[in-house]
Amino acid sequence: MDDRAFRNAMGKFATGVTVITTVLEDEAHGMTANAFMSVSLNPRLVLISIGEKAKMLDKINESGKFAVNILSDDQKDLSMHFAGQIKEKRQIEFDWINELPVIKNALTNIVCKVHSKQIVGDHTLFIGEVTDIVTCEGAPLAFYEGKYSKVFS
Ligand code: FAD
């Protein structure tokens, strides 16, 4: 099996799309991610997976906190921006919850402090303990076989 076959197989799992956000020395940072899952209700825990080359990794390691922002189907441009797929610079205005930047009008902002972490292969799994949640109505942005799609239209 080569890497392409592995990637193609993983791409068969349809997901939503999130932007992970954090802040370090008053500077907000965002990164698109679809490796996200809910882990536990009591205590309330979620999981994200951050690649070893992502700038986000050191930022969460240092800040000890992050937010998961689940994107709506009209936020594809934000997903592309925070994945570095759009080259032009863009000023993003964040909302703030408990001194953490979050994406405006996302379906959900899930604010977490790092509960624990585990380096696994070339990624770090962060378990976040959820401290605040804001939800909005709307339909989710979906990602399948490397492409964005709308699921409820
Ligand atoms: P950068 O590449 O520096 O930042 C990403 C982009 O966000 C840049 O364009 C930057 O200018 C912009 N940006 C950051 N902060 C701000 C700010 N404050 N204001 C304005 N712009 C800002 N990678 C993973 O590790 N895990 C995943 O689960 C994952 N899932 C993905 C899912 C999808 C659908 C896609 C498309 C990509 C995914 N990636 C994932 C890849 C990841 O999004 C990219 O590798 C990303 O570029 C890594 O970001 P970075 O932290 O290195 O920072």
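Asp, Glu, Lys and Arg count here as charged, Ala, Val, Leu, Ile, Met, Phe, Trp, Tyr, Cys and Pro as nonpolar, and the others, Gly among them, as polar. By that scheme, the lining of the second largest pocket has eight nonpolar, four polar and seven charged residues. The model is predicted.

**The ligand and its pocket**

What occupies the second largest pocket? The space taken by the ligand is that pocket. Its volume is about 570 Å³. The lining counts 19 residues. Those nearest the pocket centre are His-29, Gly-30, His-81, Phe-82 and Lys-89. Strand 3, helix 2 and helix 3 each give at least two residues to this lining. Strand 3 has the largest share, with five residues.

Now take the ligand itself. A shell of 25 residues surrounds it. Thr-32, Ser-49, Gly-51, Lys-55 and His-81 are the closest. His-81 thus appears in both lists: it is among the closest to the ligand, and among the residues nearest the centre of the second largest pocket.

Which elements build the shell? Strand 3 (27-33), strand 5 (45-51), helix 2 (55-63) and helix 3 (76-82) each supply at least two residues. Strand 3 again has the largest share, here six residues. By class, the shell holds 13 nonpolar, 10 polar and two charged residues.

**Polar contacts to the ligand**

Three short distances involve oxygen atoms of the ligand. The table lists the protein side of each pair.

| Residue | Protein atom | Distance to a ligand oxygen |
|---|---|---|
| His-29 | N or O atom of the side chain | 2.9 Å |
| Thr-32 | polar backbone atom | 2.7 Å |
| Met-56 | backbone N or O atom | 2.9 Å |

How much of the ligand does the protein cover? On its own, the ligand has 990 Å² of accessible area, and the protein covers 76% of this. His-29 plays two parts in this picture: its side chain lies 2.9 Å from a ligand oxygen, and the residue is among those nearest the centre of the second largest pocket.

**The largest pocket**

The ligand takes the second largest pocket, so the largest one is described separately. The largest pocket has a volume of about 1600 Å³. It is lined by 33 residues. Arg-7, Met-10, Asn-34, Ala-35 and His-123 lie nearest its centre.

Which elements line the largest pocket? Helix 1 (3-10), strand 3, strand 4 (36-40) and strand 5 each supply at least two residues. Helix 1 gives the most, with six residues. By class, this lining divides into 14 nonpolar, 11 polar and eight charged residues. Strand 3 and strand 5 serve the largest pocket and also the shell around the ligand.

**Two backbone features**

Most residues other than glycine have a negative phi, and most peptide bonds are trans. Two places in this model depart from that. The peptide bond from Asn-42 to Pro-43 is cis, with omega near 5°. Pro-43 sits in the loop between strand 4 and strand 5. Asn-98 is not a glycine, yet its phi is positive, at about 50°. The loop that holds Asn-98 runs between strand 7 (95-97) and strand 8 (100-102).

Methods: Residues numbered from 1 in each chain as written. Predicted model: local features only at pLDDT ≥ 70, side-chain atom pairs only at ≥ 80, totals over all residues. Heavy atoms only, no water. Near = heavy atom within 4 Å. Polar contact = N/O pair within 3.5 Å; in protein donor to acceptor, adjacent residues only side chain to side chain. Areas by Shrake-Rupley, 256 points an atom, 1.4 Å probe, with all protein chains shown as cover. 1 Å grid on protein atoms, 1.4 Å probe; cavity = no way out; pocket = protein on both sides within 12 Å on 5 of 7 lines; lining within 4 Å. Sits in = over half its atoms within 2 Å of the grid points. Helix = DSSP H or I, 4+ residues; strand = E, 2+ residues; numbered from the N terminus. Points joined across faces, edges and corners; volume = space filled by probe spheres on them.
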